[in-house]
Amino acid sequence: MALNISGTVVTALKRANRVVVITGAGISAESGIPTFRGVGGLWRTFKAEDLATPQAFARDPKLVWEWYDWRRGLCAKAEPNAAHRVVAAMERFYHQFTLVTQNVDGLHGRAGSRRMVEVHGSVWRGRCMSCGAEVALEQTPLAQLPPKHDGCGGVLRPAVVWFGENYERAVLEQTFTAAEQAQLVLVVGTSGGVSLPVDLVVQARQAGATVIEINTERSAVSRVAHERLEGKAGEILPELWRRAQLSYLADEIETRARRREGRLMVGIAGPPGAGKSALAEALVAEFRNEVVYVPMDGFHFNNARLEALGLRARKGAPETFDRLAFEMAVGELRKAAGPVKLPVYLRELHEPVPEALTVEVETPIVIVEGNYLFLWPEVQGKLDLCIYLDCDAALAREDLIARHQSGGLNALAAERKYEANDRLNRETVEATRGAAQITVRRDAAGWTVVRAAGTAGATGPLRTAAEGDMMPVP
Ligand code: APR
């Protein structure tokens with residue numbers, strides 16, 4: 001979808017290290033949870049003073065709990081949407097990140113957010129009216145209304161902030177400190193119906209932050225935002241994040257290309273369906289043909305093809321995968337100074353390369369792609385930069401851009417170099433391709449295939465992978 005997202009906004013997301021995201025009911029609207037003040041909003045259907053005040057609870061705790069348990073039922077049936085998932089991916093990317101949510105539905109937590117302040121509490125917790133303890137209340141519908149505290153038998157109330165009640169002091173300190181330090185504040189899906197989001201944004205602006213609002217309509221926040229992206233959070237956030245990540249990766253690649261003599265070798269690794277080709281295509285477009293993309297999908301490439309590409313494959317390499325042939329190809333690609341006869345873009349390597357598809361280019365950057373690039377550390381050694389999609393970050397070399405398990409380009413959240421990447425401490429990694437599954441274990445001697453199942457119908461390395469295969473560590 002063509003969204004009107006300015007370069008300023010993409011640059012703000014790409015350049016920031018300290019980010020605050022403030023969300024309201026609008027971010028959960030596409031998960032099917034009604035907002036409060038919009039069309040069909042809860043305050044249009046129910047009277048807040050009858051249900052969401054200490055007086056209402058004192059008057060009729062059962063009625064209040066009936067309403068909250070009804071909302072809990074809605075929240076339990078709802079799923080986090082793409083916007084929640086992007087906010088969780090941002091948390092893994094930025095050096096300093098705080099999510100301030102007014103929502104009590106628990107969807108951010110279910111999407112993976114952890115560095116989060118639920119300023120209005122959560123419908124999934126109760127607070128004892130007798131001893132003040134706060135307890136988890138995950139079962140819905142509740143067995144009894146009002147629910148009782150197992151510890152002391154006291155009546156539990158929803159652990160949320162009602163109208164007329166104050167925010168906890170710690171919550172205000174944490175949120176205003178984050179706002180003061182932020183370089184970028186994203187405000188998503190809130191009307192500013194209660195003043196906290198606006199107060200936080202004013203504080204952040206005064207401290208020099210860029211403020212960007214995402215909302216389907218204007219709100220009380222709009223007048224204090226630098227940029228407004230009008231539309232649904234579930235559509236805008238994924239696209240905005242995709243562009244910011246792409247732009248960040250392009251900067252990384254360009255910086256490294258400038259620093260090194262000769263050709264920069266960039267690898268895109270990950271299992272099938274991770275979005276490698278989409279990323280490669282997007283990077284090729286980003287570099288406007290200063291890069292040539294050579295997909296070596298699954299390493300199952302025939303050597304005749306490599307020769308057709310002007311690359312000498314290892315003589316006699318078997319028709320099927322041969323990682324040394326791949327390593328050779330990558331090595332050749334790097335060494336081949338000057339014009340290189342390479343395909344600009346190949347989907348499949350199994351039929352002869354039509355001449356028209358190859359170009360004579362002097363290219364500073366070559367992107368190669370391989371499903372199992374990350375399984376062979378010595379191949380990594382031939383690459384200057386390896387972008388991992390849907391791979392376990394522990395597999396990445398420290399100086400490379402690692403990737404978190406997430407799924408595809410939209411949730412691409414590269415770990416910044418200065419953040420300590422996970423060290424290689426995982427014992428096994430599951431590589432799957434279709435029905436085939438191999439599990440490798442890393443130990444001092446290298447990588448050992450400890451399980452290879454369903455490989456008969458597979459292509460590439462999986463077809464020949466068998467228990468006990470050793471892959472040396474460089
Ligand atoms: N994407 C982005 N924004 C959306 C979407 C969407 N799909 N759908 C609705 N919105 C916007 C609406 O335009 C509105 O500005 O979300 C906002 C929802 O506003 P409210 O219903 O007022 O909810 P919120 O701002 O979270 O209310 C704040 O008030 O009633 C109290 O405790 C309650 O936490 C709540 C607080």
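Visitor: Which residues have the most contacts inside the largest nonpolar core?
Guide: This is a predicted model. Its largest nonpolar core has 32 residues. Those with the most contacts inside this core are Leu13, Val21, Met90, Tyr94, Leu237 and Trp241.

Visitor: Which element gives this core its largest share?
Guide: Elements that give two or more residues to the core are H1, S1, helix H7 (82-93), S2, S7, S8 and helix H11 (233-259). The largest share is seven residues, and these come from H11.

Visitor: Which residues does Leu237 contact, leaving aside its neighbours within four places in sequence?
Guide: Leu237 is among the residues with the most contacts inside the largest core. Set aside its neighbours within four places in sequence. The contacts are then Ile27, Ala83, Val86, Val87, Met90, Leu186, Val188 and Ile214.

Visitor: How many residues are in the second, separate core?
Guide: This core includes Ile33, Leu51, Ala56 and Val123. It is separate, and its residue count is 22.

Visitor: Which strands stand at the edges of the open sheet?
Guide: The open sheet has six strands in the order S3-S2-S1-S7-S8-S9, with parallel pairing. Each edge strand has a single partner, so one side of each is left without a neighbour in the sheet. The edge strands are S3 (116-118) and S9 (227-230).

Visitor: By how many degrees are neighbouring strands of this sheet turned against each other on average?
Guide: The order S3-S2-S1-S7-S8-S9 gives the neighbours. Ignoring direction, the average turn between neighbouring strands is 15 degrees.

Visitor: What is the bridge partner of Arg18 in S2?
Guide: Strand S1 covers residues 18-23, and strand S2 covers residues 96-101. The two run parallel and are joined by six bridges. In S2, the partner of Arg18 is Gln96.

Visitor: At about what angle does helix H1 run to S8?
Guide: Helix H1 (residues 7-15) has the buried residues Val9, Val10, Ala12, Leu13 and Lys14. What covers them includes H7, S7, S8, S9 and H11. The helix lies across S7 (184-188), S8 (210-215) and S9. Its angle to S8 is about 115 degrees.

Visitor: What covers the buried residues of helix H10?
Guide: In H10 (residues 196-206), the buried residues are Leu196, Pro197, Val198, Leu200, Val201 and Ala204. Their cover includes S1, S2, helix H9 (169-181), S7 and S8.

Visitor: Which residue just after H10 takes a positive phi?
Guide: Most residues other than glycine have a negative phi. Here phi is about 100 degrees, and the residue is Gly208.

Visitor: Which residue of S6 stands opposite Cys128?
Guide: Strand S4 (residues 121-128) is mostly covered, with six of its eight residues buried. Five bridges join S4 to S6, and the two strands run antiparallel. Opposite Cys128 in S6 stands Leu156.

Visitor: In the hairpin of S4 and S5, which residue takes a positive phi?
Guide: S4 and S5 run antiparallel and are joined by three bridges. Arg127 stands opposite Glu134 in S5. Five residues lie between the strands of the hairpin. Phi is near 80 degrees at Gly132.

Visitor: Which prolines in the loop between S5 and S6 follow a cis peptide bond?
Guide: Most peptide bonds are trans. The bond from Thr140 to Pro141 is cis, with omega near 0 degrees. The bond joining Leu145 and Pro146 is also cis, with omega about -5 degrees. The loop between strand S5 (134-136) and strand S6 (156-160) holds both prolines, Pro141 and Pro146.

Visitor: Why do Cys152 and Cys128 form no bond, and how many disulfides are counted?
Guide: Cys152 is partly exposed, at 41% relative accessibility. Its closest cysteine sulfur is in Cys128, at 3.4 Å, which is too far for a bond. The cut-off is within 2.5 Å. The disulfide count is zero.

Visitor: Is Cys75 buried or exposed?
Guide: Buried means under 20% relative accessible area. The relative accessible area of Cys75 is 4%, so Cys75 is buried.

Visitor: Which stretches have a pLDDT below 50?
Guide: The protein's mean pLDDT is 73, and 57% of its residues reach 70 or more. Beyond near neighbours in sequence, one low stretch has 57 contacts in the model, and another has 16. Where pLDDT is low, the predicted coordinates should not be read in detail. The stretches include residues 295-306 and residues 458-462.

Definitions and conventions:
Residues numbered from 1 in each chain as written. Predicted model: local features only at pLDDT ≥ 70, side-chain atom pairs only at ≥ 80, totals over all residues. Heavy atoms only, no water. Pairing = 2+ DSSP bridges. Helix = DSSP H or I, 4+ residues; strand = E, 2+ residues; numbered from the N terminus. Axes fitted to C-alpha atoms, helices over the stretch in contact; angles between N-to-C directions. Contact = heavy atoms within 4.5 Å. Buried < 20%, exposed > 50% of the residue type's maximum accessible area, 1.4 Å probe, protein only. pLDDT = per-residue confidence, 0-100. Core = buried A, V, L, I, M, F, W, Y, C linked by side-chain atoms within 4.5 Å.
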